[in-house]
Amino acid sequence: MSFSLCVKEYKIPNNILDATRELCNGDVVRRPHVWNYATALGEHNVENFGSTEPSIWEIDFDHHEIINFVRDCIVDYSALFMEGAPPCFSAIRFNRYEVDQGMQQHVDHIFGLFPDGNPRGVPVTSVVGLLDKAEEGGNFIMTYPDGTSEEFLKENGSLILFPSCYIYKHEVKKVTKGIRDSFVSWVHF
């Protein structure tokens with residue numbers, strides 16, 4: 001079975017990529033990445049791995065071209081794999097990885113998807129876009145249940161969509177030189 005059949009890659013047009021980079025390099029407030037997860041009792045735990053995790057931020061730009069591009073990719077992906085009404089997607093969150101920062105292997109069970117903390121949907125598809133790759137390191141690796149691994153997001157301006165479930169474990173290897181700028185969003189019903 002080829003698990004990568006449910007992973008679809010897109011290319012962000014250069015004009016949208018440049019405009020998004022400009023926004024991200026402007027006056028933004030970055031905060032540390034925090035992991036939220038549930039225990040068997042349904043409680044939410046919060047964990048912060050400090051400087052080994054990227055800094056994150058969101059930018060309020062309702063009609064920016066990147067929003068429309070991500071929306072178009074989601075509609076395309078949804079037509080291939082889902083039936084019914086077009087799904088909604090979360091705010092786009094930007095991640096900046098500096099030297100010695102990465103993201104440990106995980107699956108996307110997003111408890112902080114909604115700003116007020118009250119879930120109103122289930123994340124079904126993960127969206128990851130690469131604005132700028134690091135000079136060295138920062139590779140995006142997906143590992144499948146059969147133990148095989150595959151690298152995605154090898155070029156600046158690449159974007160992937162994939163199911164947000166236990167089959168699609170993924171990670172960002174530590175950056176060893178330069179800075180990696182990327183963004184994420186999650187499709188939900």
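## Burial and overall content

A residue is buried when its relative accessible area is under 20%. In this predicted model, buried residues account for 43% of the 189 residues of the protein chain. The chain contains two helices and 16 strands. Of the contacts with a separation of 6 or more, 82% are between residues 24 or more positions apart.

## Confidence

The protein chain has a mean pLDDT of 82, with 75% of its residues at 70 or more. Confidence is highest in strand 10 (residues 136–137), at 98, and lowest in strand 4 (residues 44–47), where the mean is 48. The pLDDT is below 50 over residues 37–46, a stretch that nevertheless has 14 contacts in the model beyond near neighbours in sequence. Where pLDDT is low, the predicted coordinates should not be read in detail.

## Helix 2

Helix 2 covers residues 65–81. At 1.5 Å a residue, its 17 residues should span 24 Å, and the end C-alpha atoms are 24 Å apart, so the expected and modelled spans agree.

The buried residues of this helix are Ile-66, Ile-67, Phe-69, Val-70, Cys-73, Ile-74, Tyr-77 and Ser-78. In an α-helix there are 3.6 residues a turn, so residues three or four places apart point the same way. The elements that the buried residues of helix 2 pack against are helix 1 (14–24) and five strands: strand 1 (8–11), strand 6 (88–89), strand 9 (123–132), strand 13 (158–163) and strand 16 (180–188).

## Nonpolar cores

The largest nonpolar core has 21 residues. Within this core, the residues with the most contacts are Ile-12, Ile-66, Phe-69, Val-70, Leu-159, Leu-161 and Phe-183. At least two core residues come from each of helix 1, helix 2, strand 9, strand 13 and strand 16. Helix 2 supplies the largest share, seven residues.

With neighbours within four places in sequence left aside, Ile-12 is in contact with Leu-17, Ile-66, Phe-69, Gly-157, Ser-158, Leu-159 and Phe-183. A second core, separate from the one just described, has 19 residues, among them Tyr-97, Ile-160, Val-172 and Trp-186.

## Aromatic pairs

Five aromatic pairs are found in the whole structure. In one of them, Tyr-144 and Tyr-168, the ring centres are 6.0 Å apart and the planes lie at 90°, so the pair is edge-to-face; the cut-off for that class is over 60 degrees. The two residues are 24 residues apart, and the pair links distant parts of the chain: Tyr-144 is in the loop between strand 11 (140–143) and strand 12 (149–152), and Tyr-168 is in the loop between strand 13 and strand 14 (169–172). Tyr-144 counts as buried because its relative accessibility is 6%. Tyr-168 is buried too, with a relative accessible area of 5%.

Tyr-168 also pairs with Phe-162, with ring centres 6.3 Å apart and planes at 45°, so this pair is tilted. Phe-162 is buried, at a relative accessible area of 0%. One aromatic cluster is formed by Phe-3, Phe-140, Tyr-144, Phe-162 and Tyr-168.

## Strand 16

Ser-182 is in strand 16 and counts as buried, with 2% relative accessibility. Its side chain makes a polar contact of 2.9 Å with the side chain of Arg-180. Leaving aside neighbours within four places in sequence, the contacts of Ser-182 are Arg-93, Phe-94, Asn-95, Tyr-97, Gly-129, Leu-130 and Leu-131.

Val-187 is found in strand 16 as well. This residue is buried, at 1% relative accessibility. Val-187 and Pro-163 are 24 residues apart along the chain, and their C-alpha atoms are separated by 9.3 Å.

## Positive phi angles

Asp-100 is not a glycine, yet has a positive phi of about 75°. The residue is in the loop between strand 7 (93–97) and strand 8 (103–106). At 48% relative accessibility, Asp-100 is partly exposed, because exposed requires over 50%.

Leu-153, also not a glycine, has a positive phi of about 55°. Leu-153 lies in the loop between strand 12 and strand 13. With a relative accessible area of 5%, Leu-153 is buried.

Key. Residues numbered from 1 in each chain as written. Predicted model: local features only at pLDDT ≥ 70, side-chain atom pairs only at ≥ 80, totals over all residues. Heavy atoms only, no water. Helix = DSSP H or I, 4+ residues; strand = E, 2+ residues; numbered from the N terminus. Expected span 1.5 Å × (residues − 1). Buried < 20%, exposed > 50% of the residue type's maximum accessible area, 1.4 Å probe, protein only. Contact = heavy atoms within 4.5 Å. Polar contact = N/O pair within 3.5 Å; in protein donor to acceptor, adjacent residues only side chain to side chain. Phe/Tyr/Trp six-rings, centres within 6.5 Å; stacked < 30°, edge-to-face > 60°. pLDDT = per-residue confidence, 0-100. Core = buried A, V, L, I, M, F, W, Y, C linked by side-chain atoms within 4.5 Å.
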